[in-house]
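Reader: Hello! I would like a close look at a single part of this fold, taken slowly, with its surroundings described one by one. Could you walk me through it?

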Amino acid sequence: MSDSLSAPEPSRPALGDHHPGESVRRTRAKGERFPDGPSADPAGSHFERRIRSFQPRRSRVTAGQADALQRLWAKWGLDIDGHSVDLAELFGNDNPVVLEIGFGMGEATAQMAAADPETNILAVDVHTPGQGNLLNLADRGGLTNVRVANGDAIILLREMLPPDSLDGVRVYFPDPWPKKRHHKRRLLQPEFLDLAATRLRTGAIVHCATDWEPYAEQMLEVLTAHPDFVNTQADGGFSPRPGFRPLTRFEGQGLDKGHVVNDLLFRRVRHEGRRDH
């Protein structure tokens with residue numbers, strides 16, 4: 001499961017008022033294939049000069065994925081356009097919500113949703129085939145606890161979600177950006193954790209996994225140093241893969257090549273006498 005958003009494998013706006021969870025209709029350029037699906041640039045008017053660690057990929061879409069995008073986006077899709085979101089309204093219940101940043105083709109996301117129907121998963125990506133595939137999997141599996149968000153996870157966290165609204169953040173197999181000059185593009189940085197901490201409830205879990213060992217070491221260093229998170233491992237190291245995270249096809253290929261996969265699970269904490277964000 002490659003993370004094609006906000007830290008992907010290179011593969012990886014505000015318009016009128018709308019209700020959370022409903023697709024925002026826009027006039028699209030000639031030739032766009034999904035007039036009722038995800039917007040090509042939902043937060044275009046929010047352009048910033050910060051470095052992006054992802055890029056939209058509208059690669060080949062199968063007939064089934066296209067059909068799912070056309071039929072289900074208005075019901076289960078969310079364009080990240082800067083409008084605030086009421087998560088209870090989006091999901092139709094008050095169950096805990098976990099944000100998954102980058103879900104590849106969505107197989108593992110669908111498995112986790114099926115195994116834990118009482119937890120809502122807000123899955124963010126910019127890869128159109130993956131968006132369609134996850135919608136299709138959710139539809140076929142009757143998974144009402146999945147919503148697919150299209151766009152920049154930073155805008156979603158910073159502008160659209162209220163404080164203390166999330167019970168977890170998952171970042172599985174993000175792009176490691178292995179060249180030193182590209183390390184600044186990696187998602188797991190202190191600034192990202194500062195922002196995520198404002199949206200996570202006390203006790204919420206940040207769960208990362210990577211098969212790129214230098215990135216795993218950086219993740220461990222950055223998370224350990226952050227005052228709002230504490231390692232769930234008593235020894236301060238990496239965690240065993242928890243049973244709820246499926247072994248993905250992407251991960252299996254890496255293991256076959258001798259890659260070492262590291263999981264990190266850190267808990268959101270608050271500190272006496274320290275003002276939280």
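What follows is a look at one strand and its neighbours. How many residues of strand β2 are buried, and which elements pair with that strand?

Author: Happy to! Please keep in mind that this is a predicted model.

Let's begin with burial. Strand β2 covers residues 97-101, and five of the five are buried, so the strand is largely enclosed by the rest of the structure. Taking the two faces in turn, V97, L99 and I101 lie on one side, while V98 and E100 lie on the other. Both faces are covered, and the glutamate E100 is buried along with its strand mates.

Now to the partners. Strand β3, residues 120-125, pairs with β2 in the parallel sense, and five bridges join the two. You can follow this pairing through two residues of β2: V97 stands opposite N120 of β3, and I101 stands opposite V124 of β3. The chain between these two strands includes helix α3, residues 107-115, and together β2, α3 and β3 make a right-handed β-α-β unit.

Strand β5, residues 166-172, is another parallel partner of β2, this time over three bridges. Here V98 of β2 has G168 of β5 as its bridge partner.

Let's step back to the whole sheet. Eight strands form an open sheet with mixed pairing, and their order is β1-β4-β3-β2-β5-β6-β8-β7. The edges are β1 (77-79) and β7 (229-231), each of which pairs on one side only. Direction ignored, neighbouring strands of the sheet are turned by 20 degrees against each other on average.

Helices pack on this sheet too. Helix α4, residues 128-141, touches β3 and β4 (146-150), and its direction makes about 165 degrees with that of β4. Helix α7, residues 213-225, lies across β6 (200-210), β7 and β8 (262-268), and runs at about 15 degrees to β8.

For a helix to set beside β2, try α6, residues 190-199. Seven of its 10 residues are buried, so α6 is also largely enclosed by the rest of the structure. The buried residues of α6 are F192, L193, L195, A196, A197, T198 and R199.

To return to your strand: β2 has both faces covered, with parallel pairing to β3 and to β5.

Key: Residues numbered from 1 in each chain as written. Predicted model: local features only at pLDDT ≥ 70, side-chain atom pairs only at ≥ 80, totals over all residues. Heavy atoms only, no water. Buried < 20%, exposed > 50% of the residue type's maximum accessible area, 1.4 Å probe, protein only. Helix = DSSP H or I, 4+ residues; strand = E, 2+ residues; numbered from the N terminus. Pairing = 2+ DSSP bridges. Right-handed = clockwise from strand over helix to strand, strands pointing away. Axes fitted to C-alpha atoms, helices over the stretch in contact; angles between N-to-C directions. Contact = heavy atoms within 4.5 Å.
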